[in-house]
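This report covers selected local features of one protein model. The sequence and structure come first, and the description follows.

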Amino acid sequence: MTASSEDIFRVTLLGTGAPPPRLDRFGPSTLIEVGDEKFIVDAGRGAMQRLHQLGIPFGDITGMFLTHHHSDHVVGFPDLWLTGWIGRSWGKRNQPLKVWGPEGTKQMMEHLPQAFGVDIRVRSRNYPPDGVKLVAQEIKEGVILDRDGIKVSAFEVDHGGEELAAFGYRIDYQGHAAVLSGDTTYNENLIRHSQGADLLVHEVTAAAGSAAESPEQLKRIGSNHTTPDQAGTIFSRIRPKLAVYNHLLLFGGATAEDLIPATRKEYSGPLVVGEDLMQIRIGESIETYRLGRS
Ligand SMILES: [Zn+2]
């Protein structure tokens with residue numbers, strides 16, 4: 001028996017990295033397949049390649065959400081948008097693309113077509129002009145999409161305070177919920193908006209040994225991101241069916257293997273360190289698959 005699309009609620013980590021240009025962890029990007037929708041949250045480096053590894057053409061994507069405008073979360077956007085417009089099996093976009101995000105989203109979506117104006121002019125002879133149109137929607141905290149039983153809510157997080165608007169997202173469907181933290185330090189608003197969530201995908205930072213960064217840099221990073229100790233407290237207050245680390249920002253000798261023991265001081269529930277192309281299916285139970293890289 002095959003599951004109908006109405007039963008699908010699946011989160012795939014397209015990229016679990018941050019600014020460092022690693023080959024094993026591409027930039028932050030997450031695919032959410034829910035009912036008939038296919039959303040992408042953030043567009044880090046390599047999102048187009050990872051989507052292609054899943055065999056999903058960009059033409060099938062029904063909307064994009066940006067958590068904030070740090071470049072590691074958006075540098076993959078022009079690739080998804082323009083490569084995804086080309087009329088090949090991995091692209092074939094023929095509809096305008098709706099992009100929700102914080103302040104700055106309209107500016108970016110208005111200026112990108114100017115920056116790529118030559119390509120758009122020339123390729124519009126061969127591909128549908130609607131397929132390269134961008135429709136930006138700047139968001140505030142609250143429900144930003146509610147259709148066909150799918151609800152997407154944005155909530156404010158703290159990623160450098162007032163200076164940088166940053167959001168997490170919660171997706172509710174058929175009595176289940178997934179939360180993506182976006183980039184944030186320990187944040188009460190995230191804890192409040194994550195209550196009852198089945199899945200919590202949360203960012204993390206860790207440093208060990210002598211990091212190349214100065215103490216001032218590490219202090220700033222610490223006030224913008226979440227340590228495993230802090231995450232342990234967050235997870236124990238939300239008690240999701242599964243907590244997943246992504247956006248691994250590691251300094252000095254810190255490794256992914258260090259994250260779980262440090263989290264266990266406060267939290268003993270289900271926890272995994274995310275990897276690119278890890279897939280989480282949400283239903284009566286939560287199942288995790290590793291699709292592997294090729
Ligand atoms: Zn950031």
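In helix α8 (residues 256-263), the residues A256, L259, A262 and T263 are buried. Seen down the axis of α8, these buried residues fall within an arc of 110°, so they line one face of the helix. The arc is taken over the directions from the helix axis to the C-beta atoms. An α-helix has 3.6 residues a turn, so residues three or four places apart point the same way. E257 and P261, on the other side of α8, are exposed. Buried stands for under 20% relative accessible area and exposed for over 50%, with partly exposed in between (1.4 Å probe, protein chains only). The cover over the buried residues of α8 includes β11, α7 (228-238), β12 (242-252) and β13 (271-273). Contact means heavy atoms within 4.5 Å. Helices (H or I, at least four residues) and strands (E, at least two) are DSSP runs numbered from the N terminus.

The model is predicted: local features need pLDDT of at least 70 and side-chain atom pairs count only at pLDDT 80 or more, while totals for chains, interfaces and linings use all residues. Residues are numbered from 1 along each chain as its sequence is written, and side-chain values use heavy atoms, with hydrogens and water left out.

**Strand β10 and its partners**

Five of the five residues of strand β10 (residues 176-180) are buried, so the strand is largely enclosed by the rest of the structure. H176, A178 and L180 point one way from β10, and A177 and V179 point the other way. Strand β9 (residues 167-173) pairs with β10 in the antiparallel sense over five bridges; pairing requires at least two bridges found by DSSP between two strands. Within this pair, R170 has V179 as its bridge partner. The two strands form a hairpin with two residues between them, and Q174 in the turn has a positive phi of about 50°. β10 also runs parallel to strand β11 (residues 199-208), to which three bridges join it. In that pairing A178 stands opposite L199.

**E203 in β11**

Which residue with opposite charge has the side chain nearest to E203? It is R220, 11 Å away; E203 is buried yet has no salt bridge. For charge, Lys and Arg count as positive and Asp and Glu as negative, with His and the chain ends not counted. A salt bridge is a side-chain nitrogen of Lys or Arg within 4 Å of a carboxyl oxygen of Asp or Glu.

E203 lies in strand β11, and its side chain makes a polar contact with the side chain of H225 at 2.5 Å. The E203 side chain also reaches the backbone nitrogen of T226 at 2.8 Å. A polar contact is a pair of N or O atoms within 3.5 Å; within protein, one must be able to donate a hydrogen and the other to accept it, and residues adjacent in sequence count only if both atoms are side-chain atoms. Beyond its neighbours within four places in sequence, E203 is in contact with residues including S181, D183, N224, Y245 and H247.

**Salt bridges**

The count comes to eleven salt bridges. Among them are these:

| Pair | Closest N to O |
|---|---|
| E33 and R10 | 3.0 Å |
| R22 and D24 | 2.7 Å |
| D130 and K133 | 2.9 Å |

E33 lies in strand β2 (residues 29-34) and R10 in strand β1 (residues 9-15), so this pair ties together parts that are 23 residues apart in sequence. Both E33 and R10 are buried. R22 is partly exposed at 36% relative accessibility, and D24 is partly exposed at 32%. D130 is partly exposed at 35%, as is K133 at 43%.
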